[in-house]
Amino acid sequence: MIHLLLHFVVPLAIAIGIYRGNWFWPFAIMMASMAIDLDHLLADPIYDPTRCSVGFHPLHTTFPIIAYTVLLIFKKTRLLGVGLCIHIGLDSVDCRLNTCLLYTSPSPRDQRGSRMPSSGFKTKGGGGGGGGG
């Protein structure tokens, strides 16, 4: 839920911070960047909280992201480019946070022994390979 809120708060803060008295239209243009989330309608399921949208959805892949950064160059497209880059940046942060949370959460697989060869290694004497005697 915080992720969705940030998609509104960050562009609003930038619009108010830079454009002060005339913030509404810059904010509206940056909010138009939310239209790239229409590509979520192509996914099945449409919403999956564990799925990273960056690299998965068509408008969240490398070539469109390059195009979004090119929009930053030209004055007439800069606000839209800023909105799109903020959007992708927030989605990337969300992916990193979800990935970290997924890797630190216990899963049924964690209850079983590790699949790493070194973790199950036993010496001929039945010990764990440590020194001593």
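This is a short walk through one predicted protein model, its helices and a few residues that stand out.

Okay, ground rules. Because the model is predicted, local features need pLDDT of at least 70 and side-chain atom pairs count only at pLDDT 80 or more, while totals for chains, interfaces and linings use all residues. Residues are numbered from 1 along each chain as its sequence is written, and side-chain values use heavy atoms, with hydrogens and water left out.

So, the overall picture. The protein has five helices and zero strands, and along the sequence that reads α-α-α-α-α. Helices here are DSSP runs of H or I with at least four residues, strands are runs of E with at least two, and both are numbered from the N terminus. Of the 133 residues, 21% count as buried; buried is under 20% relative accessible area, exposed is over 50%, and partly exposed is in between, with a 1.4 Å probe and protein chains only. The protein exposes about 9800 Å², and carbon and sulfur atoms supply 68% of that. Those areas are Shrake-Rupley with a 1.4 Å probe, and for residues only the protein chains shown count as cover. Now contacts, meaning heavy atoms within 4.5 Å: among those with a separation of 6 or more, 47% come from residues 24 or more positions apart.

Let's start at helix H1, residues 2-19. What span should its 18 residues have at 1.5 Å a residue? The answer is 26 Å, and the end C-alpha atoms are 25 Å apart, which agrees. The expected span is 1.5 Å times one less than the number of residues. The buried positions in H1 include His3, His7, Pro11 and Ala15.

Next, H1 against H2, where H2 is residues 24-31. The two helices pack at about 145 degrees with their axes 9 Å apart. The axes are lines fitted to C-alpha atoms over the stretch in contact, with angles from 0 to 180 degrees between N-to-C directions. The crossing is right-handed, meaning the near helix is turned clockwise from the far one by less than a right angle; anticlockwise would be left-handed. Which residues of H1 meet H2? They are His7, Phe8, Pro11, Leu12, Ile14, Ala15 and Tyr19, facing Pro26, Phe27, Met30 and Met31 in H2. By class, that contact has ten nonpolar, one polar and no charged residues. Nonpolar is Ala, Val, Leu, Ile, Met, Phe, Trp, Tyr, Cys and Pro, charged is Asp, Glu, Lys and Arg, and the others, Gly among them, are polar.

Also in H2 is Trp25, and this one is exposed, at 58% relative accessible area. Its C-alpha is 9.7 Å from that of Leu79, 54 residues apart in sequence.

Now the backbone oddities. Most residues other than glycine have a negative phi, and most peptide bonds are trans. Arg20, just after H1, takes a positive phi of about 30 degrees. Arg20 sits in the loop between H1 and H2 and counts as exposed at 61% relative accessibility. Then there's a cis peptide bond joining Asp44 and Pro45, with omega about 5 degrees. Pro45 is in the loop between H2 and H3.

Last stop, Gly55, in the loop between H2 and H3, which is 62-71. Is Gly55 buried or exposed? It's exposed, with a relative accessible area of 55%. Leaving out residues up to four places away in sequence, Gly55 touches His60 and Thr61. The C-alpha atoms of Gly55 and Ile65 are 9.9 Å apart, with those positions ten residues apart along the chain.
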